[in-house]
Amino acid sequence: MSTLEAMTLDQVVDTAQYPLSELESAEGQAVISRARRELADLGCTVLSDFIRPALRDVLRQECSAIAPRAHFDVETVNVYNIAVDSSLPADHPGRRTFQRGNAFVARDRIPAGSLISRLYSHQVFQRFVASCFRLPQLHELADPLSGLVLNVVEPGMEHPWHFDTNEFTVSMLTQEAQAGGVFEYCPNIRSAHDESFDDVRDVLDGRGERMIRRLPLQPGDLQLFKGRYSLHRVSPVRGETARHSAIFAYSERPGVIGSVARTRQLFGRVLPEHLAAEGRAVRGDRLLD
């Protein structure tokens, strides 16, 4: 067993700031209250310096080592991740297309003993995240490729404006870009009952600056985000250093497996589990995607 694998959660996370095992304490409740308030008001909260400073270089090195395992492809996409040739009205924001050039390392190619793997599967961490989102419980995805992934945005590439399929996202920057690569988002630009096409169109056409917020993230920061309702992107990466971020995907219900089409889009492959689960997904709303 490596030194990292032998470490406890308290040695990895700055529990002086974030007492994950003592959420009922005054300090724990203060952290939870702030996260809930910012998620409600802004759709996002950042827990700065979540990982202890002494391990940030380990975090970067581990993720840099697996980054070459990412499936990379450049695709023409829209903000809803639906077919770009769909029969939408001419002025529909889904008609605006972008080149997406980011890549993902699938869960089955991330070592189980890595820092991000151990954090993702830790029940104390899961309970903390669930509490921040006001959820009774979270479940790891049953998907053998999704769940925990590493997002890689190489210099010259970007992750263009989009909405997430899942209602909430947990992520951690592990390596910042030399320049660019800024996380930008429009808090609660739509709801489960209103697509707000006019506002989305304004952002895509460069008229929505009033709605855009930018986050100065640092490696080791934990970001909790409601990406289902907030349009967001990672701006083009410049310089010579790629941007890496770990994405911890959970679900409110057990057994969740991604669709065949979306899985092939992200990872370039599907497994028997995806084929067997196709058609069983239940949508929680009627948004485009």
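In this predicted model, Arg96, Asp199, Asp202, Asp205, Arg207 and Arg210 are joined in a network of salt bridges. Side chains of opposite charge can pair when their charged atoms come close. Two of the links in this network can be described one by one.

One link is formed by aspartate 199 and arginine 210, whose side chains meet at 3.8 Å, N to O. Aspartate 199 belongs to helix H7 (residues 197-204), while arginine 210 is in the loop between H7 and E12; the two are eleven residues apart, and the pair links distant parts of the chain. Aspartate 199 is partly exposed because its relative accessibility is 29%, a value between the limits of 20% and 50%. Arginine 210, at 58% relative accessibility, counts as exposed.

Another link is formed by arginine 207 and aspartate 202, with a distance of 2.8 Å from N to O. Arginine 207 is partly exposed, its relative accessible area being 47%. Aspartate 202 has a relative accessibility of 17% and therefore counts as buried, since buried means under 20%.

**Other salt bridges**

The whole structure contains 17 salt bridges. One of them is made by glutamate 184 and arginine 214, where the closest N and O atoms are 3.0 Å apart. Glutamate 184 sits in strand E11 (residues 183-186) and arginine 214 in strand E12 (residues 213-215), so this salt bridge ties together parts that are 30 residues apart in sequence. Which of the three classes, buried, partly exposed or exposed, applies to glutamate 184? With a relative accessible area of 6%, glutamate 184 is buried. Arginine 214 is partly exposed at 43% relative accessibility.

The three described pairs are listed below.

| Acidic residue | Basic residue | N to O distance |
|---|---|---|
| Aspartate 199 | Arginine 210 | 3.8 Å |
| Aspartate 202 | Arginine 207 | 2.8 Å |
| Glutamate 184 | Arginine 214 | 3.0 Å |

**Phenylalanine 197**

Helix H7 also contains phenylalanine 197. At 27% relative accessibility, phenylalanine 197 counts as partly exposed. Apart from neighbours within four places in sequence, phenylalanine 197 is in contact with Tyr80, His92, Pro93 and Leu288. Proline 219 lies 22 residues from phenylalanine 197 in sequence, and their C-alpha atoms are 34 Å apart in space.

**Glutamate 176**

Proline 219 appears again among the contacts of glutamate 176, which touches Leu217, Gln218, Pro219, Thr241 and Ala242 when residues up to four places away in sequence are not counted. Glutamate 176 is in the loop between strand E9 (169-175) and strand E10 (179-180). Its relative accessible area is 38%, so glutamate 176 is partly exposed. How far apart are the C-alpha atoms of glutamate 176 and alanine 242? They are separated by 7.2 Å, although the two residues are 66 residues apart along the chain.

**The seven-stranded sheet**

Strand E9 is also part of an open sheet of seven strands, ordered E1-E13-E9-E16-E7-E5-E2 and paired in the antiparallel sense. Strands E1 (44-47) and E2 (71-72) stand at the edges with a single partner strand each, so one side of each has no neighbour in the sheet. Helix H3 (residues 26-42) packs on the sheet and touches E1 and strand E13 (222-225); the direction of H3 makes about 145° with that of E1. At the other edge, E2 pairs antiparallel with strand E5 (residues 102-105) over two bridges. Phenylalanine 72 has alanine 103 in E5 as its bridge partner.

**Aromatic rings**

The structure holds 13 aromatic pairs. In one of them, phenylalanine 133 and phenylalanine 168 have ring centres 5.0 Å apart and planes at 35°, so the pair is tilted. Phenylalanine 133 is in the loop between helix H6 (123-132) and strand E6 (139-140), and phenylalanine 168 is in the loop between strand E8 (159-162) and E9, so the pair ties together parts 35 residues apart in sequence. Both phenylalanine 133 and phenylalanine 168 are buried.

Ring pairs also link Tyr18, Phe50, Tyr120, Phe125, Phe128, Phe248 and Tyr250 into a cluster. A charge over a ring is found as well: arginine 190 lies over the face of phenylalanine 163, at 3.7 Å from the ring centre.

Methods
Residues are numbered from 1 along each chain as its sequence is written. This is a predicted model: local features need pLDDT of at least 70, side-chain atom pairs count only at pLDDT 80 or more; totals for chains, interfaces and linings use all residues. Side-chain values use heavy atoms; hydrogens and water are left out. Two strands pair if DSSP finds at least two bridges between them. Helices (H or I, at least four residues) and strands (E, at least two) are DSSP runs, numbered from the N terminus. Contact means heavy atoms within 4.5 Å. Axes are lines fitted to C-alpha atoms, for helices over the stretch in contact, and angles run from 0 to 180 degrees between N-to-C directions. Buried means under 20% relative accessible area, exposed over 50%, partly exposed in between (1.4 Å probe, protein chains only). A salt bridge is a side-chain nitrogen of Lys or Arg within 4 Å of a carboxyl oxygen of Asp or Glu. Rings of Phe, Tyr and Trp (its six-membered ring) pair if their centres lie within 6.5 Å; planes under 30 degrees apart count as stacked, over 60 as edge-to-face and the rest as tilted. A charge sits over a ring if NZ of Lys or CZ of Arg is within 6 Å of the ring centre and within 35 degrees of the ring normal.
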